[in-house]
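Look at one helix and what surrounds it. Here is a short report on the model.

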Amino acid sequence: TGLEYGALEGLLKPFLHTWSLSVEEQYYIVFPVLLLIIYKLFKKNLLILMLIALVISFFIASWTSVKFPSASFYFLHTRMWELLAGSILAYLEIKNQRRWFFSNKLINRILTILGIILIGHAIVFYNDDTLHPSAYTLTPIIGVCLIIWFAHKDEIITKIFSSKIFVGTGLISYSLYLWHYPVFALFRYSLASGSLLKKILIIIFIILASIFTFFFVERPFRNRKKIFFQLLLKFLFILVVPLI
């Protein structure tokens, strides 16, 4: 695609954000199959092969972000390294190698705080002109990995992230992601010149809609006993999507 995610015409397309779902679904379908094959053939070198794949994907992303920024942003092979970072952490966790690098609580705390700083730096200083995915993307990715790996359950940072407001936001995050882009796209022109109150009301609507979707769509859909409900939603989806 030649449409840049942050471009004005993209901001007006209410379902453009579903690109990330397609990338994730491709990864979750392709990666387990490849992982199984690699595990059968190269069991002892699985971690090394994942690291190699991460490095290759990263360098491809860095190069294509300069030459073909739109393609680099949307396609799986250039976003795979970000997902592989989490996969590698999961592998180490399964292998009971958690905290193999440092056992000192002070160092763990410092690295956790560093992770938060790296994420905060990306939020504050990155903008639409920042090449992404590229070397700049390392900042938030490393930050997230540091927090996941070194945050201890008894640390204040972990307790904050485990608080009800953060956990609740995490529970409705998928619905928030689905709702926010189409709503903002529909009200884009209105928001540009609208009052602060209007913007707050729209954000409140998105949050309430996400909560409703979580309790009345997500949770029932995960209940295998409610097969009729699942089939009904799939049927409505098939009918509605072509009309959009």
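A salt bridge is a side-chain nitrogen of Lys or Arg within 4 Å of a carboxyl oxygen of Asp or Glu. The model is predicted: local features need pLDDT of at least 70, side-chain atom pairs count only at pLDDT 80 or more, and totals for chains, interfaces and linings use all residues. Residues are numbered from 1 along each chain as its sequence is written, and side-chain values use heavy atoms, without hydrogens and water.

A search of the whole structure finds one salt bridge. Arg79 and Glu82 form it through their side chains. Both lie in helix 5, three residues apart, about one turn of the helix. Both are buried (under 20% relative accessible area, 1.4 Å probe, protein chains only).

Helices here are DSSP runs (H or I, at least four residues), numbered from the N terminus. The values for helix 5 are below.

| Item | Value |
|---|---|
| Salt bridge Arg79–Glu82, N to O | 2.5 Å |
| Helix 5 (residues 76–94), end C-alpha atoms apart | 25 Å |
| Helix 5, expected span | 27 Å |

The two spans agree, because 19 residues at 1.5 Å a residue should span 27 Å. The expected span is 1.5 Å times one less than the number of residues.

Next, the packing. The largest nonpolar core has 27 residues, and Met50, Leu54, Trp81 and Leu84 touch the most other members. Such a core is a set of buried Ala, Val, Leu, Ile, Met, Phe, Trp, Tyr and Cys residues joined through side-chain atoms within 4.5 Å. Helix 5 gives the largest share of this core, eight residues.

Key
Buried means under 20% relative accessible area, exposed over 50%, partly exposed in between (1.4 Å probe, protein chains only).
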